[in-house]
Amino acid sequence: MEPVHIIGGGLAGSEAAWQIAEAGVPVVIHEMRPQRGTEAHKTDGLAELVCSNSFRSDDSESNAVGQLHWEMRRLGSLIMAKGNAHQVPAGGALAVDRDGFSQGVTAALEAHPLVTIDRGEIAGLPPADWDNVVIATGPLTSPALADGIRSLTGEDSLAFFDAIAPIVHFESIDMDTAWFQSRYDKAGPGGTGADYINCPLDRDQYEAFIDALLAAEKTEFKEWEGTPYFDGCLPIEVMAERGRETLRWGPMKPVGLTNKHNPTVKAYAVVQLRQDNALGTLFNMTGFQTKLKYGEQSRIFRLIPGLQNAEFARLGGIHRNTYLNSPKLLDERLRLKADQRLRFAGQITGCEGYVESAATGLLAGRMAAAERLGRDLPLPPATTALGALVNHITGGHIVTIDEGPRSFQPMNINFGLFPHPDQPVTHGPDGKRLKGPAKSLARKQALTARAKVEMESWVSGVEAKAAE
Ligand SMILES: Cc1cc2nc3c(=O)[nH]c(=O)nc-3n(C[C@H](O)[C@H](O)[C@H](O)COP(=O)(O)OP(=O)(O)OC[C@H]3O[C@@H](n4cnc5c(N)ncnc54)[C@H](O)[C@@H]3O)c2cc1C
């Protein structure tokens, strides 16, 4: 049987290789280290953790990444097995001894009879006779391969920096203060004329916001991150440094909007949020890409009327990060529409984080193996964490409806990516009406309970098919 080729032996590539080999299909991992390094990796080990040593919360009942851990364990994940084996104490989080973990993953793959590890860079598009390839080269994909990918996808479809504006859970926005309206009620392609959430600031609130921005602590760029400021992506604090009025003429301009809660008073400035996912559970702060420290972001953005209780699905940032405009480029099986022998996995698809990268590797590996074996593999339901994550990457995100930097930005798994619970969660088991944090917890528990049932049913279907 011809092997599946995996380019990149990081979190995603290692997991994909394991899944393919365990399905009985030979696999070759092409890893460029140690022949060629990256700016962040320090060893030649597979699945090296380049920064923190945490896989985040291991709580599978009330945390979305904990639910993803649960599903990956259920699917025989190598990354989770070695994470468990090399765990270090970290409260409710799963943190690992990074060297022991990477050595454990490397040793397991080296020992597998169907895995070959080939050390060397793939410096361009893979050879034409590789018919089943998983590209998992991560945020620091080597330039030669990135150029090859760009030649297939076009200039704008591969980004080298993420410029992330914060994303807010809709439920946490105070709609008694904010209102839905598009500027000048313009419907635009696919819009309704009321597509944005608007948060109004009066003059004092605006001045206080600018003061807070100017005084806030910023994250410095690492030397190797270069100077990524480019058109349309200036961080808001840099705009504020250029002049106190700059934001009011930029992302906070108040024109073409009427506050429906207070129609006779014109807002001095307006922060707009745009729907970010098809479910309508997440909204991004338009034009608010930022390098402020995370704690500062939560504090300062909650000064904005309407966002005083905002819960953030992710905070803003600007990093070196090579990733595809996946909703446009990939089919639902993570294959490049322009060349279906190439499947993508890991952070290059536009997910974010060690666990998410490994999770997409797990699914890409299973898909590649099923294809080689001529088997059908249904997609995991969007109600599971794995399904919700892949659905976001390949189709759940709403592509921007106006000009500016492109809207698809890397995303961690979070409850905003899950479809709403089947029944609204309003009462506890004791029949009492739920409010505040208790209601939010019950909702999360309903989502994870449903995800577990649906994952079990998906696994049974997949196992039954494999046994045929
Ligand atoms: C500096 C930095 C810090 C981060 N910190 C965290 C964090 O603390 N927590 C977190 O959850 N996430 C973090 N991330 C995000 C992300 O989770 C990790 O980058 C994660 O390792 C991504 O997994 P991956 O498998 O997609 O890529 P990687 O793990 O980076 O694996 C890609 C592999 O491909 C190899 N490669 C690249 N190009 C080629 C080529 N042409 N041929 C052959 N091999 C190639 C690389 O050497 C590498 O081994 C960080 C990212 C960066 C860049």
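**Contacts of N284, the ligand surroundings and selected elements**

In this predicted model, N284 touches P166, I167, Q272, L273, R274, Q275 and D276, leaving aside residues up to four places away in sequence. N284 belongs to strand β13, which covers residues 282-285. With a relative accessible area of 7%, N284 lies under the 20% limit and is therefore classed as buried. A165 provides an example of two positions brought together across the sequence: A165 and N284 are 119 residues apart along the chain, whereas their C-alpha atoms are separated by 6.4 Å.

A second buried residue, T153, has a relative accessible area of 12%. T153 is part of helix α5, formed by residues 143-153. When residues up to four places away in sequence are not counted, T153 touches L324, L329 and L336.

Helix α1 was examined next. This helix runs over residues 11-22 and thus contains 12 residues. The distance from the first C-alpha of α1 to the last is 17 Å, which is close to the 16 Å expected at 1.5 Å a residue. Because 11 of the 12 residues of α1 are buried, the helix is largely enclosed by the rest of the structure. The buried residues of α1 are L11, A12, G13, S14, E15, A16, A17, W18, Q19, I20 and A21. An α-helix has 3.6 residues a turn, so residues three or four places apart point the same way. The partners against which the buried residues of α1 pack include both strands and helices: the strands are β1 (4-7), β2 (27-31) and β6 (115-119), and the helices are α3, α4 (98-111) and α11 (354-373). After α1 comes G24, which has a positive phi near 90°.

Helix α3, one of the elements packed against α1, also takes part in a separate arrangement with a sheet. Three strands make up this open sheet, in the order β3-β5-β4, with antiparallel pairing. The edge strands, each paired on one side only, are β3 (54-57) and β4 (87-88). Helix α3, residues 78-85, packs on the sheet and touches β3, β4 and β5. The direction of α3 makes about 80° with that of β5. Two bridges join β3 to β5, which consists of residues 93-96, in the antiparallel sense. Within this pairing, S54 has A95 of β5 as its bridge partner.

The surroundings of the ligand comprise 31 residues, of which A12, E31, R33, Q347 and G353 come nearest. Among these, A12 is also one of the buried residues of α1. An N or O atom in the side chain of R33 is 2.8 Å from an oxygen atom of the ligand. For S357, a polar side-chain atom lies 3.4 Å from a ligand oxygen atom. The backbone is involved at I122, where a polar atom is 3.1 Å from a nitrogen atom of the ligand.

G353, listed among the residues that come nearest to the ligand, is in turn touched by N412. N412 is placed in the loop between α12 (385-396) and α13 (436-467). Beyond residues up to four places away in sequence, N412 touches R56, E352, G353, E356 and L417. With E356, the contact includes a polar one between the two side chains, at 3.3 Å.

Terms used. Residues numbered from 1 in each chain as written. Predicted model: local features only at pLDDT ≥ 70, side-chain atom pairs only at ≥ 80, totals over all residues. Heavy atoms only, no water. Pairing = 2+ DSSP bridges. Helix = DSSP H or I, 4+ residues; strand = E, 2+ residues; numbered from the N terminus. Contact = heavy atoms within 4.5 Å. Axes fitted to C-alpha atoms, helices over the stretch in contact; angles between N-to-C directions. Expected span 1.5 Å × (residues − 1). Buried < 20%, exposed > 50% of the residue type's maximum accessible area, 1.4 Å probe, protein only. Near = heavy atom within 4 Å. Polar contact = N/O pair within 3.5 Å; in protein donor to acceptor, adjacent residues only side chain to side chain.
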